[in-house]
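Reader: Got a minute to go through this one with me? I'd like to start with the overall layout and then pick at details.
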Amino acid sequence: MKTTTELLAGSTHATENWNHVLEVAAREVFELMLGCKLTVPGTPPQDLREITAMVGLAGLLCGVLSIRCSLKSATIMASKMLGVTPEQVGKEMYDAFGEICNMVAGNFKNKIARLGNGCMLSVPTVITGEDYDLYPLADSEALELRLLFENMPLTISLQIHS
Amino acid sequence: MNSIRALIVDDSSVMRKIVERSLRQAGVEISAVLEAGNGAEALAVLAENKVDLILCDINMPVMDGLELVKQLAAVENAKGVPVVMITTEGSESHVVQALSAGARGYIRKPFTAEQVKEHVLPLLGVNA
């Protein structure tokens with residue numbers, strides 16, 4: 001069974017490739033489930049983290065995939081998923097935001113053929129508030145995407161533990 | 001197509017709503033939607049209710065979707081009822097396990113209403 005390090009080392013420019021796979025995975029989730037396109041800004045937008053969703057990966061690929069943005073962004077995401085106005089979104093915002101993170105993580109791992117059945121996902125966790133530090137047991141360079149959702153900053157990060 | 005009673009099993013209430021909406025968008029006439037947050041809750045629902053279709057996630061607490069599908073064989077109200085998995089788990093192994101256990105369809109998240117239509121309508125005797 002290959003380790004995460006071997007998986008990463010198994011392809012040329014693995015980090016760039018996986019960044020691309022992560023971006024495609026995220027775009028598909030937003031287009032299919034929310035009906036909107038993520039855009040890539042000319043310069044990286046601010047890293048807003050009023051709300052953070054996290055999904056753990058275990059097995060051949062160990063790490064944490066997180067998505068963070070403003071509460072306003074997360075509310076609009078939930079409204080698009082549910083087909084209601086942002087004003088109608090209540091506590092379901094947390095569930096919706098966690099599910100988005102879950103689907104991005106699942107879609108990402110499904111696109112890495114070598115992972116096969118060897119990578120499991122945790123249930124999502126959602127936290128609010130900016131005043132926190134995350135110390136995952138990651139020892140590889142994090143993949144990070146800075147994108148725009150409805151012209152608002154969205155950061156997707158994959159921290160990998162070898 | 002007669003209107004159906006559907007059981008939607010997912011630990012996310014948001015996802016249960018989206019699955020229901022996708023069913024309606026696929027043209028399925030629904031007379032009742034029953035919901036469960038995991039496999040054990042689904043078995044409890046099926047102990048007292050008959051349904052025509054079961055849509056089921058895999059990764060859930062308490063009892064996951066694969067275990068639920070295995071146990072459905074012994075549930076009177078689930079006999080002959082088509083089960084379609086809707087899950088983020090996309091590996092071939094999961095697909096094989098689900099279909100071997102008795103699931104009749106497999107949809108990977110993220111999904112579209114069109115995919116629900118393609119997978120579900122034939123199971124209800126309607127051409128997609």
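Reader: So how many helices and strands does chain B have?
Author: Chain B has five helices and five strands, where helices (H or I, at least four residues) and strands (E, at least two) are DSSP runs numbered from the N terminus. Before we go on, this is a predicted model: local features need pLDDT of at least 70, side-chain atom pairs count only at pLDDT 80 or more, and totals for chains, interfaces and linings use all residues. Residues are numbered from 1 along each chain as its sequence is written, while chains are lettered from A and ligands numbered from 1 in the order in which they are written.

Reader: Good to know. In what order do the elements of chain B run?
Author: Starting at the N terminus, chain B goes β-α-β-α-β-α-β-α-β-α.

Reader: And the sheet, what's the strand order there?
Author: β2-β1-β3-β4-β5 of chain B, an open sheet of five strands with parallel pairing. Two strands pair if DSSP finds at least two bridges between them. The edge strands are β2 (30-36) and β5 (105-108) of chain B, each of which pairs on one side only. From one strand to the next, the twist averages 20°.

Reader: Zoom in on β3 and β4 of chain B. How many bridges join them?
Author: Three bridges, between β3 (residues 53-56) and β4 (residues 83-87) of chain B, and the two run parallel. B:I54 stands opposite B:V83 in β4(B).

Reader: Now the helices. At what angle do α1 and α5 of chain B pack?
Author: About 70°, with the axes of α1 (residues 13-25) and α5 (residues 113-120) of chain B 8 Å apart. Axes here are lines fitted to C-alpha atoms, for helices over the stretch in contact, and angles run from 0 to 180 degrees between N-to-C directions. α1(B) and α5(B) are therefore roughly perpendicular; the classes are under 35 degrees for roughly parallel, over 145 for roughly antiparallel, 65 to 115 for roughly perpendicular, and oblique for the rest.

Reader: Which residues meet there?
Author: B:S22, B:L23 and B:Q25 from α1(B) meet B:A113, B:V116 and B:V120 from α5(B). Contact means that the C-beta atoms of two residues, placed from the backbone, lie within 7 Å. This α1(B)-α5(B) contact divides into four nonpolar, two polar and no charged residues. Ala, Val, Leu, Ile, Met, Phe, Trp, Tyr, Cys and Pro count as nonpolar, Asp, Glu, Lys and Arg as charged, and the others, Gly among them, as polar.

Reader: What share of chain B is buried?
Author: 41% of its 128 residues. Buried means 20 or more other C-beta atoms within 10 Å of the residue's own, exposed means 12 or fewer, and partly exposed is in between, with C-beta atoms placed from the backbone. The C-alpha trace of chain B spans about 35 × 30 × 25 Å along its principal axes.

Reader: Switching to chain A: what's in it?
Author: Four helices and seven strands, running α-α-β-β-β-α-α-β-β-β-β from the N terminus. Of the 162 residues of chain A, 41% are buried.

Reader: How many residues of chain B are in contact with chain A?
Author: 20 residues of chain B, in contact with 20 of chain A. On the chain B side, α1 and α4 (92-101) each supply at least two residues, and α1(B) gives the largest share, six residues. That side of chain B divides into six nonpolar, nine polar and five charged residues.

Reader: Any backbone oddities? Where is the cis peptide bond?
Author: Between B:K109 and B:P110, with omega about 0°. B:P110 sits in the loop between β5 and α5 of chain B.

Reader: And what's phi at A:N151 and B:V62?
Author: Near 65° for A:N151, a positive value in a residue other than glycine. A:N151 is in the loop between β6 (143-149) and β7 (152-161) of chain A, and is exposed, with 9 other C-beta atoms within 10 Å. For B:V62, phi is near 70°, again a positive value in a residue other than glycine. B:V62 lies in the loop between β3 and α3 (65-72) of chain B and is exposed, with 11 other C-beta atoms within 10 Å.
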